[in-house]
Amino acid sequence: MPGFVARRLLYLLPVLLAVSLMTFLIASLLPGDLAYVILGDQATPEKVEALRHDMGLDQPIWWRYLGWLGHVLEGDFGRSFRTGQTVLQAVAERLPVSFELMILAELIGLAIGVPLAIACAAKSGGALDRFMTSTAFGMLSVPTFLSAILLIYLFAVELRVLPATGYVPLAEDPSGNLRFFVLPALTLALAEWPGIMRVLRSDMIATLQEDYIALAKAKGLKPSRILFVHALKPSSLTLVTITGINIGRLIGGALIVETIFALPGIGRLLVGAIYTRDLIILQGVVLLVAAGFVLMNFIVDMLYAVLDPRIRHGHT
Amino acid sequence: MKAVPAARYLASIFLVAAFAFVSPTSPAVAQKPGGSITVGLEFEIPGFDPLKVGVFDTSTEIAAAPIFDTLTYLDDRREVQPKLALSWTHSDDFKTWTFKLRPGVKFHDGTPFNAQAVKENFDRQKDPANKCRCAFYIAYIHDVQAPDELTVVYNMNDPTVNQPALLTIQSVYNVIQSPTAWKTKGDDYNRNPVGTGPYILKSWIAGDRMVLGKSPDYWNKGHPYLDRVILKPLPDAQSRFASLQSGEADIVWDDEADADNIQKAQKDPKLAVHSYAGSGAAVYAFNTKMAPFDDVRVRQALVMALDRKKWSQAVTNGLARPASNPYGDGSWVKCKDDGALPEDVEKAKALIKDYGKPVDFKMLVTATPRGRTNGQVLQQFWKRVGANMEIEQVDQATIPPRAFMRQFQLTPWRIIDLADPDPQMYANFHTGSPVALANYSDPELDRLLEHARTTADMDKRIEDYCAISRLINKEAIWFWTFQNTYYAISSAKLKGLPKIYHGVIDVSDVWME
């Protein structure tokens, strides 16, 4: 096992390096030189020249990349030219919000998806199964910005039971904090549960056709015990992958959801950085998020190995 | 019609010394003290330290208004009134302005507000070593002196007849910040601003809430009314409006791009729409050194081909107000004849025909949905008269450098809402200015611009500016599309909001019924 972990960790290095190169290139090659952005309506040729020199923008791009990478390795991701805040400060302020949103969304998604999947798999082809399968398909095609606005109109404007926008820190007011998270987490979960349900349902249907399930039935075990104990664990392998990948998708969804619900998370930080062309924040945050995503997949790989011994012994 | 505001304006400059404690509003109803409001802004506030943020965007100016004071303010009739300054005088050549300051005012940290504080604010922004973007906006002021505790002297590079009005906006270079605070707090000052205003910063959660509390020792006794003001960035227009409807926000920033919600709010008795028809306009500049715009007939034809009403209908449900001169309804410059060219497709066609050569050109357009829509509308207008415009989509930040280097044939630009037309008109049209984008030089235009900036008589200035408008319209070197209009939507219970000058929703003195 330690050898397996070490090998996997080694694979991460080239991936992270590639990610850093991509982020840097994208941010540097975007139209609109950083000097123009900072100078705004005062971007006279002389001032642009002077600022580019000050910031080292007149250096060759590979040189600037190496310089940036060197600083990143020292833990210095740079400073916003707009607020003077460092990337790490900005991320540290925003991360708890996005993290909470992701966890709540994933929990709600699982809470809806898993029971439905089990119910559908238990009577596959039945009325509930057919209804839920088509509903899931429909829900998958609803974009988050639409469901967000619909939820706001229903719960905030019409019923007035939940706030439309806003946030309080968890430490300050835990129940108030949850109230603010219900709608955004639900919005994300609405896009998550169909995937969870469909994957788990088909895996369980396959599992339920295995011989050992027939044996369990023949032994006269209760159907609920067969479903939850004998069928669920072997069927959940794909679910783990999906949940891991979903975290990445949720980061994408958070860009929209955090903007609509005015949650001060990483997504908002990114959107704000794009609007104000705060390229230093942009490339720093994208790198950190990508690194987080890569690590998440690494953890999923590890979980796989725990769930299925064949993988860690290389017999796939 | 035009003489009345001009006379009032003059009176306000010279007779202002009589008032010591003027309430920023003079409402007929009783104000109710206490309570709190939530203000929904468009963007997150980056901070308040000029050296860090360079310039304030509108969201930051809205937050700066209750925390800081300016030397002067504009009342609802656009007259300059005293705030931190009590009175002012000027030299005969308008190159020196002397302000007498309000005594006994303290910053929230206890630092006394005095002439030295005003000078230090100015010097810090002006110092070339600090490389502040804000320095550009005070370049017209040579230096600021503090001969005694309560006297501030502004020495101008050129005659400036309207300096008190130019100090009214809550911009980075006009609000007075505590020198002690920025010196002692260093890097932390940006997010811990200290002013003399009616509200004090209590807490600020990054990206979320800025909570302001009533200042117990505000110099204007009896003000402010509210106990708390909460400012929140609500970046999405739909959910910002929903927050107002559901009562989580009491007043929100808005603009014409959100015309549907503004019109919905106008019909809702629980909501109030505050709009201010500002001066200035969205404009376009032709590069007259490049064909085909080196020929006046082509420029005139393209301007005559516009149908601003239809355009406004298409893009903003008719909310945007067509502009026929650079000043707008919000300006004190009112012209009987601004020389606007008629919107006349047939005449435009005839001019293009007369020109004889094909009219093909490129126009810069910002790569935003709004920019593209405007570009497509113009393309259709000009196609009708036989001109082919190709849209060149560029990043917003690319437009200023392209404009400065004159690397364009036709570019969008903006004249913002300022209390006096001089700074922008002189920069935009005087020969040799970096933003005289049209590359056009006319001794008569230069003479009028110089005369207008050095003349105190408002009637004469109005005459000058109207002549300038006629000249520019006739030569069609720039054209104006829509006037600047600023919007805020609030609960109908929110009272006491002043005019939204420059787009700044100043909640310093509002109360809830």
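This tour moves from the contact between two chains to two helices of chain A. The model is predicted, and local features need pLDDT of at least 70, side-chain atom pairs count only at pLDDT 80 or more, while totals for chains, interfaces and linings use all residues. Residues are numbered from 1 along each chain as its sequence is written, and chains are lettered from A and ligands numbered from 1 in the order in which they are written.

Begin by selecting the contact, to which chain A gives 38 residues and chain B gives 34 residues; two residues are in contact if their C-beta atoms, placed from the backbone, lie within 7 Å. On the side of chain A that touches chain B, the helices that each supply at least two residues include helix 2 (34-39), helix 5 (87-122) and helix 7 (144-158), and helix 7 of chain A gives the largest share, five residues. Helices are DSSP runs (H or I, at least four residues), numbered from the N terminus.

Next, select helix 12 (266-275) of chain A, where seven of the 10 residues are buried, a term for a residue with 20 or more other C-beta atoms within 10 Å of its own, the C-beta atoms being placed from the backbone. Among these buried residues are Ile266(A), Leu269(A) and Leu270(A), and the cover over the buried residues includes helix 5, helix 11 and helix 13 (279-307) of chain A. Just after helix 12 of chain A, look at Arg277(A), which takes a positive phi of about 55°.

Finally, select helix 4 (residues 61-73) of chain A, which lies largely in the open because the number buried among its 13 residues is one. Just after helix 4 of chain A, Gly75(A) takes a positive phi of about 90°.

Key: Buried ≥ 20, exposed ≤ 12 C-beta atoms within 10 Å, placed from the backbone. Expected span 1.5 Å × (residues − 1).
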